[in-house]
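The following report considers a single protein chain, with attention to side-chain environments, helix packing and aromatic contacts. The sequence and the structure are shown first.

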Amino acid sequence: MSQKISGVKGMNDLLPGEIEIWQSVEGRARDVFGRFGYGEIRTPMVEDTALFVRSVGEETDIVGKEMYTFEDKGGRSLSLRPEGTAPAARAYIEHSVNNQEPVTRWFYMGPMFRYERMKTGRYRQFYQIGAEAYGAKEAAQDVEMMDMVVQFLESLDLKDISLNLNSLGDEACRPAYHAKLVEYLKAHREELCGDCQRRMETNPLRVLDCKNEKCQAVAAAGPNVLEFLCEPCRAHFNDLQRKLTGLGIKYVVNPRMVRGLDYYTRTVFEFIAAHPALGTASTVGGGGRYDTMMKGLGGPDVPAVGFAMGLDRLVLLLKESGKKFTQAPDLFVVAVDEGSQDLALTLTSRLRREGLRVDFDTRGGSLKSQMKRADKSGAHFTLVLGEAERTSGQAKLKRMAGGEPIPVTLDDVAKALRAHRDAAPA
Ligand SMILES: [Zn+2]
Ligand SMILES: [Zn+2]
């Protein structure tokens, strides 16, 4: 016997039964994001490695440790995309979109790849939904995006979610904060983990989101970024909060939140869910403003704000909710003899063309086995075809939930099904 080949560790198959939840989430995202004027983009799953090194940053875990990087047959260094913001920015620059419109709103959804240690809801091929808005530096743009995320989560009936906010300042005020932070971290060098002792030289902000408890204690007592904001950054952050309050969106200001990526300026935000399925309080998504990244990638001087959300975790939350996502067939057609098989095939074909979900057993078989199959399918109605039905053109719709059979002519099955489906209690 030949050996069985398994799927790659950390990369999952999504099969019917579960995929309906994914489709539902994706459908809601398309609907809600569309209402906010965001258009969908699809970029390749593979990009030039330099794109991520220059945007996400060499010092991040994503680029430093977690990327799937390989050389193609032409000797180019390519990477499976570990996130969606850099590819979107690359596409925006490449197509000179800024010359076509002053403000651009895009969203994307699809698989991302990181070679990470696996835990609940975290995989090496994972799925993200994200959005980017280019061209507006105003706080109103940040707020509009947060409102969109809130409305998206509401559409999924996920309500136990809190919004955390921070501002990381800009080129004018961040250097002073950096200097103070480095000075403070140097004084506490011995209390930091090995990674952070290195990070404090290369990217001190990263120390603030180290998972190590000792590092977190050091960070908590350190300088507060908000006290270093220059006047324009402070005004931006105040405006942001005033507008969120105006929309009735609740938030918490968290000066320790920096979000592990190098490119953020001013606003950063996270949506946090308290849910047992995810362990303790857990981030379902987040993002921030990146006003200098486009220029850094050789593009135009265009401000931008974006967010991304892990679909795997959202799906976990929805699975826990016990809501039903699969759709049962409207009708199961049972053919009791050889001659009825052909009729079953043409009847089901016609009903499907008319928009109904219809199933039948292509193998034929005994009445009993087909009825069993109909039962298992969860179909709302069955219709049995035999010689009598073939000759008379009359049949009976049997409601699986019980009750009197409904007489129908074979020409009017669709009409009858619709009438009784709409009348039936959900
Ligand atoms: Zn650390
Ligand atoms: Zn500033």
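Pro300 is partly exposed in this predicted model, with a relative accessible area of 22%, and its place is in the loop between H10 and strand S11 (304–310). Not counting residues up to four places away in sequence, Pro300 touches Tyr92, Ile93, Asn98, Met294 and Lys295. The C-alpha atoms of Pro300 and Ser96 are separated by 8.6 Å, although the two residues are 204 residues apart along the chain.

Ser96 itself lies in the loop between H4 and S5 and, at 32% relative accessibility, counts as partly exposed. Its phi is near 45°, which is a positive value in a residue other than glycine. A positive phi is also found for Arg266, again a residue other than glycine, where the value is near 55°. Arg266 is placed in strand S9 (residues 265–273), and at 14% relative accessibility it counts as buried, because the cut-off for that class is under 20%.

The table sets out the accessibility of individual residues discussed in this report.

| Residue | Relative accessibility | Class |
|---|---|---|
| Pro300 | 22% | partly exposed |
| Ser96 | 32% | partly exposed |
| Arg266 | 14% | buried |
| Glu116 | 16% | buried |
| Arg117 | 77% | exposed |

The helix that Ser96 follows is H4, and how many of the residues of helix H4 (residues 85–94) are buried? The count is 9 of the 10, so H4 is largely enclosed by the rest of the structure. The buried residues are Thr85, Ala86, Pro87, Ala88, Ala89, Arg90, Ala91, Tyr92 and Ile93, and two of these names, Tyr92 and Ile93, also appear among the residues that Pro300 touches. What covers the buried residues of H4 includes strand S2 (46–48), helix H2 (49–55), S5, S6 and helix H10 (293–296).

The loop between S5 and S6 holds both Glu116 and Arg117. Glu116 is buried, with a relative accessible area of 16%, whereas Arg117 counts as exposed at 77% relative accessibility. Leaving aside its neighbours within four places in sequence, Glu116 is in contact with Glu66, Arg122 and Arg124. Arg124 also has a second partner to consider, since its charged end sits over the ring of Tyr115, 4.0 Å from the centre of that ring. As for Arg117, its C-alpha atom and that of Gly10 are separated by 8.8 Å, with their positions 107 residues apart along the chain.

Helix H1 packs against two other helices, H11 and H5. Helix H1 (residues 19–35) and helix H11 (residues 311–320) pack at an angle of about 115°, with their axes 10 Å apart, and H1 and H11 are therefore roughly perpendicular to each other. H1 passes H11 in a right-handed crossing, in which Ile21, Trp22, Val25 and Glu26 of H1 meet Leu311, Asp312, Leu314, Val315, Leu318 and Lys319 of H11. With helix H5 (residues 139–155), the packing angle of H1 is about 140° and the axes are 9 Å apart, and here too the crossing is right-handed. Val25, Arg28, Ala29, Val32, Phe33 and Arg35 make the contact from the side of H1, while Met148, Gln151, Phe152 and Ser155 make it from H5. Val25 is listed both in the contact with H11 and in the contact with H5.

Phe33 and Phe152, which take part in the contact between H1 and H5, also belong to one aromatic cluster together with Phe107 and Phe307. A search of the whole structure finds 12 aromatic pairs. In one of them, the rings of Trp106 and Tyr134 have their centres 5.7 Å apart and their planes at 80°, so the pair is edge-to-face. This pair links distant parts of the chain, as Trp106 is in strand S5 (residues 104–113) and Tyr134 in strand S6 (residues 125–134), 28 residues apart. Both Trp106 and Tyr134 are buried. The rings of Tyr263 and Tyr264 have their centres 5.0 Å apart and their planes at 70°, so this pair is likewise edge-to-face, and Tyr263 and Tyr264 are both buried.

Note on methods
Residues are numbered from 1 along each chain as its sequence is written. Chains are lettered from A and ligands numbered from 1 in the order in which they are written. Side-chain values use heavy atoms; hydrogens and water are left out. Rings of Phe, Tyr and Trp (its six-membered ring) pair if their centres lie within 6.5 Å; planes under 30 degrees apart count as stacked, over 60 as edge-to-face and the rest as tilted. Helices (H or I, at least four residues) and strands (E, at least two) are DSSP runs, numbered from the N terminus. Buried means under 20% relative accessible area, exposed over 50%, partly exposed in between (1.4 Å probe, protein chains only). A charge sits over a ring if NZ of Lys or CZ of Arg is within 6 Å of the ring centre and within 35 degrees of the ring normal. Axes are lines fitted to C-alpha atoms, for helices over the stretch in contact, and angles run from 0 to 180 degrees between N-to-C directions. Angles under 35 degrees count as roughly parallel, over 145 as roughly antiparallel, 65 to 115 as roughly perpendicular and the rest as oblique. A crossing is left-handed if the near helix is turned anticlockwise from the far one by less than a right angle, and right-handed if clockwise. Contact means heavy atoms within 4.5 Å.
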